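Here are some exercises to work through with the model open beside you. Try each task before you read its solution.

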Amino acid sequence: MKESLVASRFPVERLVGEPGTVHRLLESLPGSPFFRHDSQRPLALDLLVIDEASMMDVGLLAKVFEALPKEARLILVGDKDQLASVEAGSVLGDLCAASPPNRFTEAFRQEFGSLAGNAAPPASGPGLEAPLRDSVVQLVERYRAGPESPIYPVSDAVISGDFPGFQAAVEASRGTVQSRLLPGARELRAALGPRLQEGFESVLGSTEGHDPLKCLRQFQVLCAVRRGPYGVEGLNRLTETVLREAGLIGRPRSVFDEWYHGRLVLVTVNDPQLGLFNGDVGIVLADPEGGRLDVCFPGSRGGEVRRVAPVRLPKVETAFALTVHKSQGSEFDHVLVVLPDRMSPVLTRELIYTAITRARKSVEVWAPEAVLREAMESRVERTSGLQQALRGQGSA
């Protein structure tokens, strides 16, 4: 959300505080599962907007409700078809399933019309008696890749589990979306190396005046798994080899050193004192004058740069390749998705859909056809009891 606000030139100084994580808002207590803000010390706000709400788990959302003042309003924004949180529950999906979207009562339509000047569309079909009937709204305009982007028919086919439809939409996209057969592990470098060099050259650059901090979101490799040649660890190593041979990144100063010019890093632990939080991406850059290495992060106001010495950083990992889970909430111009060479429990249509919809301009999916087809036939199945509780059929 912060990236989108800055990119749209929204005056973020008008907000009460800077957009941040839910953990930062509630103020985590070190070494404790509890937060500073709870029912006894509620948040000082009238309205709370939580973006990427599909990533919220049941426990964390319960803590949010405890900390909200009774008069405050909560707006959850997200894509119900994306991957759910890695923790318990699928809150946004359960809320939407309990009450079909855009089913408005007549009283709500009249109130909306008096405030907005035009009436809400009339609802038809089932759902008018659902518990959240006036609270679940499905937006139909798509902005990430543009309203006419051929990426959307592809992602729609994926989330529907329609493999023939996926193939047809890929062909109709005329190269915006590409589906490629995954090479064997021994052929991976020869097949993927040129694409990795081309993609990250747009990020790292080799021309005078190139600003890598402004290009961090131009290209990203996404993986379904962490280990193996087709996982995050293997592809990060492969990318480092390819980029080092091309002269786009430096070398560590010793065998015991993991830092080098051009390394992309992902912060994986919150550090409020440094103002860095889980999911922040930075790049290691050498000081042109002294050669000192600093990890640079884009500033919250768009133009500023934060330079942090590597020794001060919280836990980080190399980020040329990320898992699809770690990429949620981010968007990139061009995305390269690599699935493993065999089926895995993590491979589902939600994972592929989430990966594809990270892209603004183009996306490539490298996978065996059989694995891709089976993954699109698999769905994430979670039961939290939330739907039943909302319908008065049990307790969550």
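The exercises below go from the whole chain to helix pairs and then to single loop residues.

This is a predicted model, in which local features need pLDDT of at least 70 and side-chain atom pairs count only at pLDDT 80 or more, while totals for chains, interfaces and linings use all residues. Residues are numbered from 1 along each chain as its sequence is written, and side-chain values use heavy atoms, with hydrogens and water left out.

**Exercise 1. The chain overall**

Task: find how many helices and strands the protein chain has, and what share of its residues is buried.

Solution:
- Step 1: the protein chain has 13 helices and 12 strands, taken as DSSP runs (helices H or I, at least four residues; strands E, at least two) numbered from the N terminus.
- Step 2: of the 396 residues, 44% are buried, where buried means under 20% relative accessible area, exposed over 50% and partly exposed in between (1.4 Å probe, protein chains only).
- Step 3: take the contacts between residues at least 6 apart in sequence; 68% of these join residues at least 24 apart. Contact means heavy atoms within 4.5 Å.

**Exercise 2. Helix 8 and helix 9**

Task: work out how helix 8 and helix 9 are arranged, and which residues meet.

Solution:
- Step 1: the axes of helix 8 (residues 188-204) and helix 9 (residues 232-245) come within 9 Å and cross at roughly 70 degrees. Axes are lines fitted to C-alpha atoms, for helices over the stretch in contact, and angles run from 0 to 180 degrees between N-to-C directions.
- Step 2: the two helices, 8 and 9, are therefore roughly perpendicular; angles of 65 to 115 degrees count as such, under 35 as roughly parallel, over 145 as roughly antiparallel and the rest as oblique.
- Step 3: residues of helix 8, including Leu192, Leu196 and Phe200, meet residues of helix 9, among them Leu235, Leu238 and Val242.
- Step 4: sorted by class, this contact of helix 8 with helix 9 has nine nonpolar, four polar and two charged residues. Ala, Val, Leu, Ile, Met, Phe, Trp, Tyr, Cys and Pro count as nonpolar, Asp, Glu, Lys and Arg as charged, and the others, Gly among them, as polar.

**Exercise 3. Helix 6 and helix 7**

Task: say whether helix 6 and helix 7 are roughly parallel or antiparallel.

Solution:
- Step 1: helix 6 (residues 151-159) packs against helix 7 at an angle of about 170 degrees, with axes 8 Å apart.
- Step 2: helix 6 and helix 7 are therefore roughly antiparallel.
- Step 3: Pro153, Val154, Ala157 and Val158 of helix 6 make the contact with Gly165, Phe166, Ala169 and Val170 of helix 7.
- Step 4: the contact of helix 6 with helix 7 has seven nonpolar residues, one polar and no charged ones.

**Exercise 4. After helix 7**

Task: in the loop between helix 7 (163-172) and strand 3 (177-180), decide whether Ser173 is buried or exposed, then do likewise for Arg174.

Solution:
- Step 1: Ser173 is buried, at 5% relative accessibility.
- Step 2: a polar atom of the Ser173 side chain lies 2.7 Å from the backbone oxygen of Val170 and one lies 3.1 Å from the backbone oxygen of Val177.
- Step 3: Arg174 is exposed, with a relative accessible area of 80%, and has a positive phi of about 55 degrees although it is not a glycine.

Definitions and conventions. Polar contact = N/O pair within 3.5 Å; in protein donor to acceptor, adjacent residues only side chain to side chain.
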